[in-house]
Amino acid sequence: MNSTKFLFLHKQIIGWRKWVSKCLLLLVSLFITSMQPASAGLNNDLYDGNIFVVYAGNGSLVPPRQSLAQTLAEHKPVFLAFYLDDSSDSKRYAISISRVQEFYGRVAEIMPINVDTIPPKETYDPTEPGYYYGGSVPQVVVLNKSGEVVLNKKGQVAFEEIDDQFRKIFDLLPRTETAQLKRRAFNEFSSELAK
């Protein structure tokens, strides 16, 4: 009699386990089939990581090497680029910011600023990025060696426009005269050496 009860209970336990495993398998299958693929990309406002790493192939831009206050104290030109990681406009503009670093990264401080990291305050000091932020992304601000704003534009600012300002700051020949970054000649002797 005990063996009959044991067989009956054993069959019930095995049946219950099979039922639970079938339910779990069904739930996992439903979960897998209902998952959507990652849909972040260049043309949408979804977050998919640091835009400079993902879209410009340049993770060296973030975080900036120095603070704005340190850079201004050293009388070094500054390129501020305000962006958001989840903005399609910022994603498309990331390669242009990387290009500015390619040409001027050794002589000017290139500072991409994620606007989400700007602390909300009533007023900002000129040594804080929030002082220059105009409320939309992307936004580009170029400061000369004296800390004066020489370019402040919103949107997809052309590299050539930024390049023109840096050429003035560093006293380089205009782009119409040379494609390379060469200093202006200031007397006959140096103009012969520049050739």
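Is E128 buried, partly exposed or exposed? E128 is partly exposed, because its relative accessible area is 23%, and buried would require a value under 20%. The tour returns to this residue later; the model under inspection is a predicted one.

**The whole chain**

Begin with the complete protein in a cartoon display. Its secondary structure comprises 6 helices and 4 strands. Read from the N terminus, the elements follow the order α-α-α-β-α-β-β-β-α-α. The protein has 195 residues, and buried residues account for 33% of them. Now switch on a surface. The accessible surface amounts to about 12,700 Å², and carbon and sulfur atoms hold 58% of it. Consider also how the chain meets itself: of the contacts between residues at least 6 apart in sequence, 60% connect residues at least 24 apart.

**Strand β3**

Next, select residues 139-143, which form strand β3. This strand is mostly covered, with 5 of its 5 residues buried. Display the side chains and look along the strand. Q139, V141 and L143 point one way, while V140 and V142 point the other way. The general pattern is that side chains in a regular strand alternate between the two faces of the sheet.

Add residues 78-83, strand β1. Strands β1 and β3 pair in the antiparallel sense over 5 bridges. Within this pair, F79 stands opposite V142. Then add residues 149-154, strand β4, which also pairs with β3 in the antiparallel sense over 5 bridges. Here V142 stands opposite L151.

**The turn between β3 and β4**

Follow the chain from β3 into β4. The two strands form a hairpin with 5 residues between them. In the turn, select G147, whose phi is positive, about 85 degrees. Then select E148, which is placed in the loop between β3 and β4. Leaving out residues up to four places away in sequence, E148 touches V142 and L143. Place a distance label between the C-alpha atoms of E148 and L72: they are separated by 9.9 Å, although the two residues are 76 residues apart along the chain.

**Helix α5**

Select residues 159-169, helix α5. Which residues of this helix are buried? They are F159, I162, D163, Q165, F166, R167 and I169. The buried residues of α5 pack against β1, α4 (88-104), β3 and β4. After the helix comes D171, with a positive phi near 55 degrees.

Keep the helix in view and show the side chains of D163 and R167. They meet in a salt bridge of 2.8 Å, N to O. Both residues lie in α5, 4 residues apart, about one turn of the helix. An α-helix has 3.6 residues a turn, so residues three or four places apart point the same way. D163 counts as buried because its relative accessible area is 3%, and R167 counts as buried because its relative accessibility is 4%.

**The nonpolar cores**

Hide the surface and select F79, I97, V140, V142, I162 and F166. In the largest nonpolar core, which has 24 residues, these touch the most other members. Each of α2 (51-54), β1, α4, β3 and α5 supplies at least two residues of this core. The largest share, 5 residues, comes from α4. In soluble globular proteins, nonpolar side chains tend to be buried together.

Centre the view on F79. Apart from its neighbours within four places in sequence, F79 is in contact with I97, V100, E109, I110, M111, V140, V141, V142, I162 and F166. Another core, of 14 residues, lies apart from the largest one; among its members are F82, M111, V115 and V137.

**Further salt bridges**

The tour ends with charged side chains. How many salt bridges are counted? The count comes to 6.

- Select K121 and E128. They form a salt bridge, with the closest N and O atoms 2.7 Å apart. K121 counts as partly exposed because its relative accessibility is 40%, and E128 is likewise partly exposed, at 23%.
- Select K153 and E161. Their salt bridge has its closest N and O atoms 2.5 Å apart. K153 is partly exposed, with a relative accessible area of 35%, and E161 is partly exposed, with 27%.
- Select R65, K76 and E109. These residues are linked in a network of salt bridges. E109 has also appeared at an earlier stop, in contact with F79.

Definitions and conventions: Residues are numbered from 1 along each chain as its sequence is written. This is a predicted model: local features need pLDDT of at least 70, side-chain atom pairs count only at pLDDT 80 or more; totals for chains, interfaces and linings use all residues. Side-chain values use heavy atoms; hydrogens and water are left out. Buried means under 20% relative accessible area, exposed over 50%, partly exposed in between (1.4 Å probe, protein chains only). Two strands pair if DSSP finds at least two bridges between them. Contact means heavy atoms within 4.5 Å. A nonpolar core is a set of buried Ala, Val, Leu, Ile, Met, Phe, Trp, Tyr and Cys residues joined through side-chain atoms within 4.5 Å. Accessible areas come from the Shrake-Rupley method with a 1.4 Å probe; for residues, only the protein chains shown count as cover. A salt bridge is a side-chain nitrogen of Lys or Arg within 4 Å of a carboxyl oxygen of Asp or Glu.
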